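Please work through the exercises below with the sequence and the model open side by side. Each task is followed by a solution that goes step by step.

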Amino acid sequence: MLDLLNDLIWSKLLIVMLIGLGLFFTLASRFVQFRYFASMFRIFGEAFQRQPGQLSSFQALMLSVAGRVGAGNIAGVSVAIMLGGPGAVFWMWVVALVGMATSYFECSLAQLYKRREPDGGYRGGPAFYIQHGLGQRWLGIVVSILLLVTFGFGFNAVQSYTVASSLHDTFGVPTLASGVVLMAVIGVIIFGGIKRIASFADVLVPLMAFAYIGLAMLVIGMNLTEVPATLALIVKSAFGLEPAFAGGIGAAIIMGVKRGLFSNEAGLGSAPNVAAVAEVKHPVAQGIVQSLSVFIDTLILCTCTALIILLAGVYQPGMDVAGVVLTQTAVASVVGEWGRVFVSLALLLFVFTTLIYNYYLGENALGFFSQKRGPVVVYRILVILLVLWGSVQDLGTVFAFADVTMGLLAIANLIALALLFKVGLRLMRDYDGQVKAGVKSPVFDASNFSDLDLDASVWPNAKAAPPSELDAQAQQR
């Protein structure tokens, strides 16, 4: 059943929607992800600034990178190459490049429609821009449930499986033992809230990302003369031009899109939940910063993993090895057994931050339709148990479950983005206009968007639309 659903969702619907809408967003916005690429780094200067008690733009970026950088970058790339050939990496690049535009729009909209919480913080995401932008609370609830199931349950199982199998391969640690330890650590951390999670992420994420890139540079440097041929192999295989992978173009595209979305999450509806909690002067500024996380995740980190595997020469078409084990074997064959240990430890850090990030997304989704304490406690218990469950499952079951829920979530979110595209374009033009007028740091004037249902406590000069009957019912609940 899972295979049938995956085939329908990924080979029929999502390939067209992800690439098609990504290209449409790219062209209609005049290549916004490339026009503002240099600005991403300028905005970084402001990204560290924040109001007391609020998350900075940089912290929100690091938190979303923490979620993106994980099993998808190490195990996911390996799985893509094993099942789709080297050409799958090319299609991961394509998904990332067009996905940068998709991520820009979804994160800008999340900022625009965010709501202030009683504690002074912010909450937002797809469910919020669906309710307040489209007026469809029922669809917001559906998206929240899918987000809850995908991240809180499915992706956490994938992450725990990956780190458990890695530690078993490297140190011989039983997968059950790894699952128990992970379960205990996550159980302690998840009671700390989004601010504690962010304080871990903005230190650990840069550290682990640069360390992993450094290892990749070492492997690449030791095989520098083979890099051009390896890149050519990736491109040729993507179009079925490489004899060893001829006829595999369909598998390359499907696996590239699947694992690309799993890794960078562009259009999936996850990053907007984190983008919304940042304190920024203009919603578009956070959209620009968040699109950079897609570039970091796929164009840099996933490419590092792909080059490590292909340059090491351990990969053979048709081989059947657990994803993370292939990466570890490739590193060890080049730099020695210490490389296997390094990958395991790096993965442990990646997975640690991602598990916490996934938990937060699930709790954020749960908070959209229930503010009661009971459901949150039940959710936390289920997350802890599923971390243990995932550590002792097989790769096929865990990935198949996550693929189905991820695909359904992406479809719902992409439909909402398409319907709200005019609002996103209008927001972008407001930012563009200020930049052209010489404004170094554009400021959002909500009075120019008085026809939209915005939170006046977030954007002080907003003339928020009166709450709908559904909003009033939600507040009463």
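The exercises go from the whole chain to a helix pair, then to charged side chains and a loop.

This is a predicted model, in which local features need pLDDT of at least 70 and side-chain atom pairs count only at pLDDT 80 or more, while totals for chains, interfaces and linings use all residues. Residues are numbered from 1 along each chain as its sequence is written, and side-chain values use heavy atoms, with hydrogens and water left out.

**Exercise 1. Determine how many helices and strands the protein has, and what share of its residues is buried.**

Step 1. Helices (H or I, at least four residues) and strands (E, at least two) are DSSP runs numbered from the N terminus, and the protein has 20 helices and 2 strands.

Step 2. Of the 477 residues, 61% are buried, where buried means under 20% relative accessible area, exposed over 50% and partly exposed in between, with a 1.4 Å probe and protein chains only.

Step 3. For a local case, take helix α7 (residues 126-134), in which 7 of 9 residues are buried, among them F128, Y129 and I130; just after α7, G135 takes a positive phi of about 70°.

**Exercise 2. Describe how helices α1 and α6 are arranged, and which residues make the contact.**

Step 1. The axes of α1 (residues 2-28) and α6 (residues 87-112) come within 8 Å and cross at roughly 70°; axes are lines fitted to C-alpha atoms, for helices over the stretch in contact, and angles run from 0 to 180 degrees between N-to-C directions.

Step 2. The two helices, α1 and α6, are therefore roughly perpendicular to each other, given that 65 to 115 degrees counts as roughly perpendicular, under 35 as roughly parallel, over 145 as roughly antiparallel and the rest as oblique.

Step 3. On the α1 side the contact (heavy atoms within 4.5 Å) is made by L18, I19, G22, L23, F25 and T26, and on the α6 side by V98, A101, T102 and F105.

**Exercise 3. Find which residue pairs with D432 in a salt bridge, and how the partners differ in burial.**

Step 1. The search of the whole structure finds 7 salt bridges, each being a side-chain nitrogen of Lys or Arg within 4 Å of a carboxyl oxygen of Asp or Glu.

Step 2. D432 meets R35 at 3.4 Å, N to O, and this pair links helix α19 with helix α2 across 397 residues.

Step 3. D432 is buried at a relative accessible area of 6%, whereas R35 is partly exposed at 30%.

Step 4. R30 joins R35 and D432 in a network of salt bridges; R30 lies in the loop between α1 and α2 (32-35) and has a positive phi near 60° although it is a residue other than glycine.

**Exercise 4. Compare D453 and D455 with respect to R115.**

Step 1. The side chains of R115 and D453 form a salt bridge at 3.0 Å, N to O, and both residues are buried.

Step 2. R115 lies in strand β1 (residues 115-116) and D453 in the loop between α19 and α20, so the pair ties together parts that are 338 residues apart in sequence.

Step 3. D455 is found in the loop between α19 (421-436) and α20 (469-476); D455 is buried yet has no salt bridge, and R115, the nearest side chain of opposite charge, is 4.5 Å away, where Lys and Arg count as positive and Asp and Glu as negative, with His and the chain ends not counted.

Step 4. Leaving aside neighbours within four places in sequence, D455 is in contact with K114, R115 and R116.
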